[in-house]
Amino acid sequence: PSLIGRPVVVCVYSGRTEESGVVATANYAARGYGVKSGIPISLAKKRLAGTNAKFLPMDHDFYKQASDRVMAILKRNADEFEQVSIDEAYLDVSARAAGFQEAATLARRIKDEVRASESLTLSIGVGPNKVIAKIASDVKKPDGLTVVMDGDTKAFLSPLPVERLVGIGKKTAERMGELGIRTVGELAAFDQAVLTKEFGRALGAYFHKASNGEDEEPVQERGEKESISRIITLKEDTNNLEKITEAAYRLCEETMVKVRDRRVLFRRVGIIAITTDLTIRMRDKSLTTPTDDLQIMKRAVKELLERYLAGNRQELRRVGVHVSGLVRRTEGQSQLTGFL
């Protein structure tokens, strides 16, 4: 409470000097001075000179405890629950909410419960799928609630800048600008064949579907006990797709050894990205059928890395891969991929 109204900066200190390290995050008061995650602490102090700013060391264990309590509240209010990071989750509430208005009422109850329990605000987006809900959650931060009903998705998306879509970062937005694409509506109307030529088959298809408000990805819980993962520290901090993919492919091969030793198939493939400020992001995708095919895993990992790096310029320190949705292989079981 003593920090209310003051610029607050949370830092990852390197330990070399009092000012060496990077900003992990900052509150809205500090962001008004141009302080944001990833910039050097020394630069943040210059921008906040003359203010009563407070600089704090990162305390991940404490944040994790608070996150776990908040996530427990969210999970109690969901039919299906999927935690994406320490501060983000998707809830499928279609069974307990008859329509969008009931979903909005549920969202308000969740916000009230979290505020009463943890003295924290959160922003919620309500939409027909994950793409729309994610964008809606960012519209009225902090402490926002935005509802986008099924028939309003195109009207909601069309005027937004393309950067609002997950997976479109500065470089991708610049290339789209060269193609005459500046809004989500312009992207939705753009020739998908040209998008595929410019950005690859997977990203081209994703950009086309997402800009039209289409997303069939289900909300699905990620259970640590039912997953196999491998993670490594990269030789150097980088956002180079080729270097990161090369390391991820080695992890795929190591993971596949464990998959086959356990005689299981997997339904989902995911990546773990840990940036230089120690932020952890996870992305995954569902497969059409359970498999233990290494090439399918590598293709999925590359697609997820391409999408992640297109929307995130910050360099990675560590990278990981994981498979989940495990099912036991039965004796003599065949897969369609074996005949192709």
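This passage describes the nonpolar cores, one helix pair and two individual residues of a predicted model. Local features were considered only at pLDDT of at least 70 and side-chain atom pairs only at pLDDT 80 or more, whereas totals for chains, interfaces and linings use all residues. Residues are numbered from 1 along each chain as its sequence is written, and side-chain values rest on heavy atoms, with hydrogens and water left out.

The largest nonpolar core (a set of buried Ala, Val, Leu, Ile, Met, Phe, Trp, Tyr and Cys residues joined through side-chain atoms within 4.5 Å) holds 29 residues, of which Phe266, Val269, Met297, Val301 and Val323 touch the most other members. At least two residues of this core are supplied by each of strand S8 (227-238), helix H11 (241-261), strand S9 (264-275), helix H12 (294-311) and strand S11 (316-324), where helices (H or I, at least four residues) and strands (E, at least two) are DSSP runs numbered from the N terminus. The largest share, nine residues, comes from H12. When residues up to four places away in sequence are not counted, Met297 is in contact (heavy atoms within 4.5 Å) with Cys252, Thr255, Met256, Phe266, Val269, Val321 and Val323. A second, separate core comprises 22 residues, among them Ala136, Ile168, Met176 and Ile181.

Thr245 lies in helix H11 and is buried, with a relative accessible area of 6%; buried here means under 20% relative accessible area, exposed over 50%, and partly exposed in between, for a 1.4 Å probe and protein chains only. Apart from residues up to four places away in sequence, Thr245 touches Lys302 and Leu305. Ala95, by contrast, is exposed, with a relative accessible area of 69%, and is found in the loop between strand S5 (88-92) and helix H4 (100-118). The C-alpha atoms of Ala95 and Glu80, which are 15 residues apart along the chain, are separated by 9.4 Å.

Helix H9 (residues 192-199) and helix H10 (residues 201-211) have axes that come within 7 Å and cross at roughly 140°, the axes being lines fitted to C-alpha atoms over the stretch in contact, with angles running from 0 to 180 degrees between N-to-C directions. The two helices H9 and H10 are therefore oblique to each other, since angles under 35 degrees count as roughly parallel, over 145 as roughly antiparallel, 65 to 115 as roughly perpendicular and the rest as oblique. Their contact is made by Gln192, Leu195, Thr196 and Phe199 of H9 together with Arg201, Leu203, Gly204, Ala205, Phe207 and His208 of H10.
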